[in-house]
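This report introduces a structure to a reader who has not seen it before. The sequence and the model are shown first, and the description follows.

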Amino acid sequence: MTAPDPEAYVEQVLSLVEQVPPGRATTYGALAAVVGWGGPRRVGAVMAQWGGGVAWWRVVRADGSLPPSHGLEARARYREEGTALLASGRVDLRRCGWWFDPDDADGPG
DNA sequence: GGGTTGACCAATG
DNA sequence: TCATTGGCCAACC
């Protein structure tokens, strides 16, 4: 499986994003690592095209930040979902980081 | 076939 | 914490 169809790749990425529970967030690199295909940039490209149909705000960069264009929109979601935010306006991946691990017992609280 | 761009990541100062 | 640099792979012209 070294040459997956672009369609399957999108389905994989979007499926994983939908698996991220509210109040949590993951990174592009994490998604790329789970799917095992392409890289973080591939995931970003998918989100830019079909990310509008999923909780794209739960997918952030490695430092917990998001594009300024969507930063404002995302912040509104975090406030409703209770996602931990930093004073810099970034997501606190230390507490809300979602790495698709079976041991997701630890929460933001 | 070559140059540029992109919802990125890690290392360095 | 922020800015810079190098690497990565696919899409576009």
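## Protein and DNA strand B

In this predicted model, sugar or phosphate supplies 40% of the atoms of DNA strand B that lie within 4 Å of the protein, and bases supply the rest. There are 13 residues around DNA strand B, and those that come nearest are Tyr28, Arg41, Met47, Ala48 and Ala62. By class, the residues of the surface near DNA strand B comprise 7 nonpolar, 3 polar and 3 charged.

Two helices, α2 and α3, each contribute at least two residues to the surface near DNA strand B. Helix α3 spans residues 40–50, and with 6 residues α3 gives the most to that surface.

## Polar contacts to DNA strand B

One polar contact reaches a base: a base nitrogen of DNA strand B is 3.0 Å from a backbone N or O atom of Met47.

Phosphate oxygens of DNA strand B are also approached. A polar backbone atom of Gly29 is 3.5 Å from a phosphate oxygen of this strand. For Arg61, an N or O atom in the side chain is 3.5 Å from a phosphate oxygen of DNA strand B.

## Protein and DNA strand C

Which residues are found around DNA strand C? They are Arg41, Arg42 and Arg90. Among the atoms of DNA strand C that come within 4 Å of the protein, 67% belong to sugar and phosphate.

The side chain of Arg42 has an N or O atom 2.8 Å from a base oxygen of DNA strand C. The side chain of Arg90, by contrast, has an N or O atom 3.2 Å from a phosphate oxygen of DNA strand C. Arg41 is listed around DNA strand C and is also one of the residues that come nearest to DNA strand B.

## Packing of helices α1 and α2

Two packed helices are described by the angle between their axes and the distance between the axes. Helix α1 covers residues 6–19 and helix α2 covers residues 28–35; they pack at an angle of about 120°, and their axes are 10 Å apart. The two helices are therefore oblique to each other, and their crossing is right-handed.

On the α1 side, the contact is made by Tyr9, Gln12, Val13, Leu16 and Val17. Helix α2 contributes Leu31, Val34 and Val35. Of the residues in this contact, 7 are nonpolar and 1 is polar, with no charged residue. Helix α2 thus has a place in the packing with α1 and also supplies residues to the surface near DNA strand B.

Methods: Residues are numbered from 1 along each chain as its sequence is written. Chains are lettered from A and ligands numbered from 1 in the order in which they are written. This is a predicted model: local features need pLDDT of at least 70, side-chain atom pairs count only at pLDDT 80 or more; totals for chains, interfaces and linings use all residues. Side-chain values use heavy atoms; hydrogens and water are left out. A residue is near a molecule or strand if one of its heavy atoms lies within 4 Å of it. A polar contact is a pair of N or O atoms within 3.5 Å; within protein, one must be able to donate a hydrogen and the other to accept it, and residues adjacent in sequence count only if both atoms are side-chain atoms. Axes are lines fitted to C-alpha atoms, for helices over the stretch in contact, and angles run from 0 to 180 degrees between N-to-C directions. Helices (H or I, at least four residues) and strands (E, at least two) are DSSP runs, numbered from the N terminus. Angles under 35 degrees count as roughly parallel, over 145 as roughly antiparallel, 65 to 115 as roughly perpendicular and the rest as oblique. A crossing is left-handed if the near helix is turned anticlockwise from the far one by less than a right angle, and right-handed if clockwise. Contact means heavy atoms within 4.5 Å. Ala, Val, Leu, Ile, Met, Phe, Trp, Tyr, Cys and Pro count as nonpolar, Asp, Glu, Lys and Arg as charged, and the others, Gly among them, as polar.
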